[in-house]
Amino acid sequence: MSMRLLARVSLAIGCGLTGMGWVAVGAAQSAAKPVRTEAAAKAGMPWMNRALDPDTRADLMIRQMTLDEKIQLVHGIGWGPLRPGAYVPPEDNGGAGFVPGIPRLGLPNLNLADSAVGVRMGAWDSRYATLLPSAIGMASSWDPGMGFLYGSVIGRELRQQGFNMSIGGGVDLIREPRNGRNFEYASEDPVLAGTMVGELAMGVQSNHVLGDIKHYVLNDQETGRNTFNAVMSRRTMQETDLLAFRIAIQMAHPAGVMCSYNRVNGDFACENQYTLTDVLKKQWGFQGFVLSDWEATHSTVKAALAGLDMEQPGDQYFGAPLKQAVQDGKVPMARLDDMVHRIVRSMIANGVVDDPPVRSVVDPFQGRDDAKKIEERSLVLLKNESGILPLNSEDATIAVIGGRADFGVLSGGGSAQVDAPGGRPGGSQWGTPVYFPSSPMRYLAQQAERLADCGALASTGRGASAVKISFDPGTDLAQAALTAARAKVAIVFVTQWMSEGMDRPTLSLPDNQDALVEAVARANPNTVVVLETGGPVTMPWSGKVKGIVEAWFPGIGGGQAIAAALYGRVNAWGKLPVTFPANEAQLPHPQVTGLTPETGNNGMNGGGHSQEAKSFTVDYNVEGMEVGYKWFQVKHETPLYPFGFGLSYTRFAYSGLNVAPGAGSVSFVVKNTGARAGDEIAEVYATLPGSSGEPFRRLVGFARVSLKAGESQTVTVPIRPLYLKVFSTEKNSWERLPGAYTLEVGGSSADLPLRTEVQLAAQ
Ligand code: BGC
């Protein structure tokens, strides 16, 4: 943004609003009185009448707007607090984006905050925000209630901090397991990803905060993200990546959908007529607005006509150039009105006009408890040989090794980074891993002492004093092995830091941590590994350790949740929302496209400049619809751990499969055959008739059930008709093909004890 524009904006929204008009803006963002909408409706603002529907109200308001006011609503004001030295208007609440409102019409400012895994930029203004477990962890719970809770924490804290729009809700498919942003996404499967992120966005919006779903679409890797051209057939897109977005969007009706940096079949995602208008707005009936990722707008007329409604963060294309284009008739006024309508109706529909946020104090305990609850259901037990877990009172000497487990837990980086309590003043630094003070070691010690006081050791009179927890940072392998050898049990914490703006070149754990695990496992036969990773990793040592737990990036309740799970205080394990390959050679893309030692994460030849306009193709037609577990099934590859897999401290048996007429639902009996209460995640898959050309099973439903020891329950899982259909490019619509459908049910994509075949008619 130029200095001239800066001055103009600052005059219009900064100093100019100190008179009558200021009241409404101040009311929206602070504890001052909100606009009295009933009174306002009577006093010549009929759009403030809550009895009218949001579309009518928006239209009434838009009729009063000048061209300049309309243009003001369709772009941000620049990088604001994100860039040192950039202009920050006084009403800016200190988030990633700001759009000034129109006080004379009672329209509040839009204050947008990044909030993929909790509210970002807290430290910028001395605030606190809860760090939730990573979104991939939330999806590992396969529990829609946890998705909703996750979003509610974000919505609650945004509101408490004075923000009225969330930027988060990542639902890009995990096609590329080395993608640096996988921790912000949910799954390789569109039904699981869409359902969980849809719940998340509903949770956000339940707090009268605008929700958002991103990054639309095919932003499935970070390498070269500003320029790469994702190539994919329309049928594949509809049945994979677009399906995840569709499910989430139609569940939650989010206010915003953020278009991504990359190109999709040639056109940039933010000026792509097919994805923005033909699919999102027309096929799916999306009523909200499309906002660009930060500097992902590349044109004025093309983008406006293709369906982009708001440029962020500045006004390079949608400021003066858009005004000119409207005046010249290159962009019809009706299209500008449509952009504005979408923004204003979303603000009204989500309550930010009638019930603006009132700042209050974030409750860190409530946040921590919610984060812990979600994490307990997100942890995945991958291996538990000879019942090494749960730890018992005999395991009183424990070596805790690596992962800074004496201090806390790792978090993901980039725009999803939440600032740690007591962290760097002013905020976290891009590119630097941040640990949160929730020490697994401290809580393991607490659990060990509690158990020792009440368990067998108590009768010996030794109790908690017998507990000895030692820590080794894991940097010197010989020293770590020595520490491990002295303990009954060794727990190794391994980490893989992930961030926006980077992909991992391989699936191996960085920093020689594979060798660390090997060294510890050699020294102590009772070794348990806890992984804090942003996605799948390879584990060459998996056969040599007794226990493996995937904790993802565990959030502020992580230390407590990990300790509670390892000690069996909870038995609420999740299951994998992604396949863990045995090695990269099994993947459709053995290397991340464009990522070489020469190019680095910007994917540019010559290690170049991120602005260099050089595009390369990422060919997603290689795997097409066979994303994740589907690829492994078709290629007859055995992964290290399959999609949907996860153990528990108890066991479950499946029986009695029944399919309702027309396959509208399936029911079956799940029995807890073990000795403890626990949760099972039951998964339902369908394989379509051969004429579909899709020779793999697809997830069509799931249910999470809690069962006491010995308890049985009949579980009914509805199957949405869409999930049994294929997309016909010819007809530009979905259809169910006639023929034999195989339905399978069980506790993992690779272990499905119930199976039946049904004949279904065309639909
Ligand atoms: C990210 C978005 C984020 C935006 C604003 C971009 O770099 O891709 O996810 O919302 O920045 O911080």
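Is lysine 575 buried or exposed, judged by relative accessibility? Select it: at 4% relative accessibility, lysine 575 counts as buried, where buried means under 20% relative accessible area, exposed over 50% and partly exposed in between, with a 1.4 Å probe and protein chains only.

This is a predicted model, in which local features need pLDDT of at least 70 and side-chain atom pairs count only at pLDDT 80 or more, while totals for chains, interfaces and linings use all residues. Residues are numbered from 1 along each chain as its sequence is written, and side-chain values use heavy atoms, leaving out hydrogens and water.

Add glutamate 680, which forms a salt bridge with lysine 575, the closest N and O atoms being 2.9 Å apart; a salt bridge here is a side-chain nitrogen of Lys or Arg within 4 Å of a carboxyl oxygen of Asp or Glu. Glutamate 680 is in strand E21 (residues 678-687), 105 residues from lysine 575, strands being DSSP runs (E, at least two residues) and helices likewise (H or I, at least four), numbered from the N terminus. Glutamate 680 counts as buried too, at 6% relative accessibility.

Next, select aspartate 679 and arginine 704, whose salt bridge has its closest N and O atoms 2.8 Å apart. Aspartate 679 lies in E21 and arginine 704 in strand E22 (residues 697-707), so this pair ties together parts 25 residues apart in sequence; both residues are buried.

Finally, move to glutamate 271 and lysine 302, whose side chains meet in a salt bridge (3.6 Å, N to O). Glutamate 271 is buried, with a relative accessible area of 8%, whereas lysine 302 is partly exposed at 40%.
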